[in-house]
Each structure stands twice: as structure tokens, then as C-alpha cells.
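This report introduces selected features of one structure to a reader who has not met it before. Please keep the sequence and the three-dimensional view at hand while reading.

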Amino acid sequence: MTISLPGRILFLSTDPELIASQLEGRKLTLSEAGTLRDDVSTDEMTSQIASTVYDQRLGDFLLTAYQASGAHPIGRQAIRNGAFSVIVAGRRYGKGSSREHSPLAHLHAGIRLLVAPSFERIFRQNCDNLGIFTSTDLGLVDRLQRGETPSFEELATGRDPLATQLLRAGGLLKYVSAQGFAGGTSSQGDVAPGPLTLVQKILRRHAADERWPLASGAGSFVRTDWRFAHEYYTAMIAQMIHSHFGRPAKLHEPATTLLFEDHLTYAHRSPVHLSHNLLPAVRGLSHEHQSFAREYGLRNHGYLPDWEGSEAICHALMTERYALPGQLVVGTDSHTTHIGALGCLAFGVGSTDMASCFMSGVVRLTVPESILVRLEGNLPAGVHAKDVALALLAREDIKSGATLGRVFEFAGPVIDAMDIDERATLTNMVAEMGGFTGIV
């Protein structure tokens with residue numbers, strides 16, 4: 001398989017002048033780029049202004065909110081007009097929201113390869129689903145600048161077999177269109193002898209393929225008990241479903257598929273939305289969201305009259321009303337981890353994963369490693385779960401990215417003494433720790 005990377009390389013430097021010079025046509029080497037920005041978030045990739053867009057126009061907005069030493073050196077359409085096909089950045093590229101607007105903006109701006117020491121899990125999975133290559137091998141940069149073209153096998157090095165299959169197919173929806181919804185499996189090893197973690201037990205009960213080894217890093221598909229989306233994503237999901245599977249489509253178990261309108265509730269009070277005349281686009285997203293709910297008979301927890309509030313916050317109501325211990329839940333919100341307070345496996349996914357899941361009931365998953373966080377003793381008076389989460393975030397191993405993509409399994413007397421709201425605070429904030437999810 002031949003990989004085409006005809007464009008230029010953009011180094012996301014911490015120096016705004018170096019960014020500007022590249023946009024003007026300068027060619028840098030990796031050493032000349034200086035310090036690369038760590039923790040480039042999805043909010044910087046696609047700003048709040050771009051979040052109401054869900055088609056090719058997203059490419060115009062790529063990295064317009066990117067910050068370098070307090071400056072915003074990348075203007076609208078600058079990356080598309082600069083004819084870049086590769087971006088090189090620092091650690092934890094794509095942290096933050098699970099919104100698929102961000103990887104889609106890369107795709108529509110012409111980016112085909114991202115190189116960074118590490119990636120946020122949801123962002124990288126979304127890139128796989130769209131057919132965008134991601135590599136942690138910075139050695140590729142010098143080779144690319146010498147005119148070499150890496151092979152598919154090199155770009156897929158270290159990825160689980162399922163991710164490799166998706167990339168070879170050109171993305172998740174092309175893969176499922178060709179394969180049907182039977183899913184796939186990895187052949188990476190067997191489960192180590194001995195007791196299973198709680199997450200492994202849940203995965204074993206939900207595996208779409210009984211041959212799937214539960215070893216860390218093995219990829220396959222799992223059956224979901226609940227799946228939900230909010231209004232930022234529904235129009236994009238609907239567009240993906242109808243373009244790949246026709247209209248009307250046959251959704252999997254509409255009774256266990258939920259929609260929420262909770263992210264744009266007070267847009268009419270937002271200075272950003274008002275100053276940029278975004279309210280018509282916001283109303284357009286709501287119209288598409290509600291139309292999809294009506295067309296397929298999906299329950300929608302929507303806005304209150306006059307947009308003064310919402311019926312519910314998605315991950316909170318899923319915890320209060322729907323999810324049960326031992327179940328598997330996916331949502332288009334990075335804080336779907338909140339629901340793990342109940343002892344169920346809950347995690348955020350992007351639009352392509354959710355479009356596939358709406359159709360099939362299964363979702364792609366690579367078995368994550370688990371970390372046991374056992375809290376002994378008692379919390380002093382006035383110290384609560386938020387303080388515990390902040391203490392964890394202050395740890396050097398977490399700040400350095402050592403826990404990226406891992407499950408935080410919370411246990412111990414301190415957890416036993418917490419009520420569900422306190423436990424949900426811990427599992428919710430696993431998203432800020434870069435974890436796959438949290439579970440009690």
C-alpha cells in the first residue's frame with residue numbers, strides 16, 4: 001500500500017514567529033523548530049466558533065485557536081492554503097474533548113500524518129477512524145524531509161491489528177461497510193493467568209468476538225448496553241450514517257440509544273456566540289439533532305422552553321437514570337467516564353465510532369491497562385473527592401503522561417465511604433488525567 005504525503009511539514013513550535021515563518025513558506029528542520037508544544041488541545045484545534053460546523057468547511061478552522069507564547073499565529077485557512085500534509089507536535093497531542101470536529105478539520109485541511117511523542121486516546125482513535133495516520137516515531141521527520149516515503153507497515157508500527165485494518169481500509173465506516181458488523185479481533189497474546197480486573201470481566205461479557213484475547217493492547221469490538229450523543233455531534237453522525245448506509249437507515253436498538261441537548265443551552269447568553277453571530281448555526285444544529293430524533297424515534301432529553309436550561313446533563317442523567325453496574329456505555333462526551341462511579345465501563349468516543357455504534361450496537365476498543373488507585377484511611381473534615389482528584393493531577397507521573405489511556409480503578413476505605421456523587425467526581429475527572437476511564 002502506497003502512502004501519499006505530497007505536502008509540506010508544519011512544526012507546532014512554542015515560538016509564534018517560527019509558526020508564522022512556516023505559514024509564509026519557510027522550511028524548517030526538526031532541530032530548527034525548537035521546542036514543540038505539548039498538550040495541544042482539541043479546543044485549540046477547532047475553536048468554539050468552528051464547533052457549529054460539521055462538513056468540509058472545518059478545514060478552514062484548523063488550529064486557529066492554537067497558542068504559542070500567548071499569541072495565535074495561525075489564521076483561518078492558513079494550513080489548507082499552506083499545502084501541508086504532515087504536522088509535528090509535542091506530547092499528548094489532542095487532549096481534551098472527544099469532539100471529532102478536530103481530527104475532521106485535519107482531514108479537510110489536507111493533513112494525512114501526525115507525528116508526536118504521544119497522543120490522547122480518543123483523538124488518536126478518531127484519527128484511525130478517519131484514515132489519518134498517527135506516529136510516535138519522530139525519526140520519520142528527517143526521512144520525510146529527505147524525500148523518503150514511509151511504507152504503510154512503518155506508519156502502522158506498534159498499532160494493534162484492528163487499528164491497522166481500519167487504516168488500511170481508509171477508516172472505520174469504510175471498514176464496516178466492507179466487513180459488515182461482525183467486528184474484528186486481535187491475535188495479540190492471551191490473558192495472563194490469575195484473576196481478572198473488573199474491566200476485563202466486563203469486557204469478557206461484552207466481547208463481540210469470543211476469540212478476543214483480553215491482553216492489554218489487543219483490539220476488537222464490544223457490545224454496548226447504552227449509547228448516547230449530544231447536539232454538537234448528532235448532525236455529523238446523521239450525515240455519516242446516511243452517506244455510508246443510505247436513508248432511512250436501520251439503527252440498532254433505538255430504545256437504548258439516547259440523545260441530549262445540553263452543551264449549547266445558554267448560547268444566547270454567550271458573548272462569543274453573540275459577537276460572532278453563531279446563533280443561527282446553533283439553531284441549525286438543534287434542528288438537525290431534533291429531526292434525527294424524530295426520524296428514528298429516539299428519546300431526546302432536550303432544551304427547556306426559551307432555551308433557559310436543559311432537561312439534563314448527559315453523563316449525569318445516564319448515571320442517575322439509565323446505566324447499571326457491570327454495563328458498558330459509550331457517549332460522545334469525554335466525561336462519559338463520570339458513569340464509571342456505578343461500577344460500569346463507560347468511555348467517550350467520536351462521531352465516526354458513534355455512527356458505527358448507532359448502526360451496529362458495537363464499538364471498537366483496544367484493551368487498556370488498569371491502574372489500581374486504593375485510598376486508605378479517612379479524609380479529613382472539609383476534604384472531598386475534588387481535592388483527591390486535584391492531588392492525583394499534581395502527581396508527576398500523571399503530569400508527565402505516564403497514565404495516558406489507562407483505566408483508573410478506584411478502591412479502598414475512602415472510596416467505600418463516599419456517596420455516588422463523590423465517586424462520580426473522581427471518575428469524571430479521569431478525563432483531565434488523560435485516562436481511558438475511571439471505575440469504582
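## Helix H14 and its surroundings

The buried residues of H14 are Cys314, His315, Ala316, Leu317, Met318, Thr319 and Tyr322. The model under discussion is predicted. Helix H14 spans residues 314-322, and seven of its nine residues are buried, so the helix is largely enclosed by the rest of the structure. The cover over these buried residues includes the strands E6, E7 (257-260), E8 and E9 (328-331), together with helix H19 (420-428).

## Two residues in the covering strands

Strand E8 comprises residues 299-301 and contains His301. His301 has a relative accessible area of 0% and is therefore buried, since the cut-off for a buried residue is under 20%. Its side chain forms a polar contact of 2.7 Å with the side chain of Glu311. Apart from residues up to four places away in sequence, His301 touches Leu259, Phe260, Glu261, Glu311, Leu317, Arg321 and Tyr322. Two of these names, Leu317 and Tyr322, also appear among the buried residues of H14.

Strand E6, residues 226-230, holds Arg227. Which side chain of opposite charge is nearest to Arg227? It is that of Glu253, at 4.2 Å; Arg227 is buried yet has no salt bridge. The cut-off for a salt bridge is 4 Å. The side chain of Arg227 does make a polar contact with the side chain of Thr257, at 2.8 Å. When neighbours within four places in sequence are set aside, the residues in contact with Arg227 are His252, Glu253, Thr256, Thr257, Leu258, Val330, Met354, Cys357, Phe358 and Gly361.

## Packing around helix H9

Two packed helices are described by the angle between their axes and the distance between the axes. The table gives these values for two pairs that involve H9 (residues 172-179).

| Helix pair | Angle between axes | Distance between axes |
|---|---|---|
| H8 (residues 161-169) and H9 | about 90° | 7 Å |
| H9 and H15 (residues 351-360) | about 25° | 9 Å |

H9 and H15 are therefore roughly parallel to each other. Leu172, Leu173 and Val176 of H9 make this contact with Thr352, Asp353 and Ser356 of H15. H8 and H9, by their angle, are therefore roughly perpendicular to each other. In that pair, Leu162, Gln165, Leu166 and Ala169 of H8 meet Leu172, Lys174 and Tyr175 of H9. Leu172 is thus named in the contacts of H9 with both H8 and H15.

Notes
Residues numbered from 1 in each chain as written. Predicted model: local features only at pLDDT ≥ 70, side-chain atom pairs only at ≥ 80, totals over all residues. Heavy atoms only, no water. Helix = DSSP H or I, 4+ residues; strand = E, 2+ residues; numbered from the N terminus. Buried < 20%, exposed > 50% of the residue type's maximum accessible area, 1.4 Å probe, protein only. Lys, Arg positive; Asp, Glu negative; His and termini not counted. Polar contact = N/O pair within 3.5 Å; in protein donor to acceptor, adjacent residues only side chain to side chain. Contact = heavy atoms within 4.5 Å. Axes fitted to C-alpha atoms, helices over the stretch in contact; angles between N-to-C directions. Parallel < 35°, antiparallel > 145°, perpendicular 65-115°, else oblique.
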